[in-house]
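Visitor: Please take me through the salt bridges of this protein, one pair at a time, and then show me what lies behind them.

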Amino acid sequence: MQVFRAQRVFRGLSRFSSTSRLAKYETEEFFVYPRNVDGDEPSVNWSLLESGVANGGLAFHNSPVSKLLKKIGVKDVKGAIDVSNLNVKATGKLLEAGDNLDHDEFGENLSQVQDYLSEGQDMFVEDLAVGSHPDYRLGVRVVTRRPEIALAAKSVLFQVPPRPIKFHGGRKGWNLGPYQKTNVEDNMFWDGKQYIEIDNTVPLQGQRPIMVLLGRTAKSLGDENIGTQFVEFQGEIVGATIVASESVSLTSLLTAIGNAGSVIVNSDAQNEAVALPAATFIKNGKSYVVVNADEDVITAAVASGAVLYGTHFQTVSPRGVSALLSGGITEKAALSTSHLDAATSTALSLKTKGGFFTGLQPDNLTFPAAKVIIYDAAGKVDAAKAKEALIDLSDVKKEATITKLLGSAGVSVATKAAQVPGLFV
């Protein structure tokens, strides 16, 4: 499992493309958007400019599933929706600017994708999130000209309510929930006889640390590789920009997003949580975190009667385990959703040639880990070196956190998928 270290971060502004596509909105006296309709909302257009993308056509923001399905000519059906032209099989490499990708090469790819998205064609802007628990939730914006990719993003990332956004504003959570508010002024009102408490609170400003721009890339990335550049402000990692072709494997893209979210969570040495590439299973009222779990591990665990809580990436803390992703991508079979209430579930599942996108709709937090299991098919890790292996997969800042977690949770190592369910004890 490749893990980003984020030690070679970018300490400057994003490279913006030309805004000549917006010339139709400009006059000698002022600059104005003449419309405020679906696909041409001023707040969305200005926020895209912050990422170097000029909306010269229509930018559909957080489109309903029904509208996305209509765009791709697919009828909404009960159960998994059949969507073609989604690339699932993981190929290519995850490249980090400043490590195995030069910053200038990343900038070249970023500029090409920005220009591609600014050509005046319709695009889809999805403001989603990673992190089921509010304390570790991070905003993710996905910008693409392909509605089927926007639909896939809705399936595996968390859909969140709208909130005023602060671009690359930090890593202290995003869309923290309806109760996360702040007073704008004194909330007591004197009516002449008595003080009356009034609700004049406003939602706390959200944050969008992770930006994903998909389009036409340069040769250094091509159609298979993905580039990530971390952003630092005042000594802290505050975000990441991910650039890739619209033809890229969505499994690889999801891994890049999960990796970026993990780096941002793990960069905070104060939060007593560690994000790991793992799946979480629940059995007999206990949580089991399986690091590096693949599809064979998931199949074996579910067959043993365990419930899959989350896949790909998990955030483990003394309070409990939370999922970074709301769903998962598999190649052989769709993930089990037998634990969801079909009548009330809002999870979105898709199927395509060569793969499945399954919404799991995990709760914000499940039981603290009863055991951490490291799945290592190569047999290079033993239980005595478990802590070192987990630190290597996360961050050296998390050594104390991992030590504390392993003090309350047992640790085991499995070299075969069939061994994993036997460790759920």
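**The salt bridges and the core**

Guide: Arg319 and Asp135 meet through their side chains in a salt bridge, with 2.5 Å from N to O. The term stands for a side-chain nitrogen of Lys or Arg within 4 Å of a carboxyl oxygen of Asp or Glu. Arg319 sits in the loop between strand S20 (314-317) and strand S21 (320-323), and Asp135 in the loop between S4 and S5, so the pair ties together parts that are 184 residues apart in sequence. Helices (H or I, at least four residues) and strands (E, at least two) are DSSP runs numbered from the N terminus.

This is a predicted model, in which local features need pLDDT of at least 70 and side-chain atom pairs count only at pLDDT 80 or more, while totals for chains, interfaces and linings use all residues. Residues are numbered from 1 along each chain as its sequence is written, and side-chain values use heavy atoms, with hydrogens and water left out.

Both ends of this pair have some access to the surface. Arg319 is partly exposed at 48% relative accessible area, and Asp135 is partly exposed at 41%. Buried means under 20% relative accessible area, exposed over 50%, and partly exposed in between (1.4 Å probe, protein chains only).

The whole structure has 10 salt bridges. Another of them joins the side chains of Arg146 and Glu148, at 2.9 Å from N to O. Here both partners are on the other side of the cut-off: Arg146 is buried at 18% relative accessibility, and Glu148 is buried at 11%.

A further salt bridge is formed by the side chains of Glu399 and Lys387, at 3.8 Å from N to O. This pair links distant parts of the chain, 12 residues apart, with Glu399 in helix H8 (residues 399-408) and Lys387 in helix H7 (residues 386-393). Glu399 is partly exposed at 36% relative accessibility, and Lys387 is partly exposed at 26%. Besides these pairs, Glu119, Arg145 and Arg216 are linked in a network of salt bridges.

Now to the interior. The largest nonpolar core has 48 residues, and those that touch the most other members are Leu157, Val212, Ile242, Leu253, Leu350 and Phe357. Such a core is a set of buried Ala, Val, Leu, Ile, Met, Phe, Trp, Tyr and Cys residues joined through side-chain atoms within 4.5 Å. Elements that each supply at least two residues of the largest core include strand S4 (123-130) and strand S5 (138-144), as well as helix H4 (147-156) and helix H5 (250-266). H5 provides the largest share, 9 residues. S4 and S5 are also the strands whose connecting loop holds Asp135.

Val212 shows how the parts of the core come together. Leaving aside residues up to four places away in sequence, Val212 touches Val140, Arg141, Val142, Val143, Ile242, Leu253 and Ile257. Apart from the largest core lies another, of 19 residues, among them Leu95, Phe106, Met123 and Met211. In soluble globular proteins, nonpolar side chains tend to be buried together.

As for the setting, the protein has 8 helices and 26 strands, and buried residues make up 53% of its 425 residues. Of the contacts (heavy atoms within 4.5 Å) between residues at least 6 apart in sequence, 73% join residues at least 24 apart.
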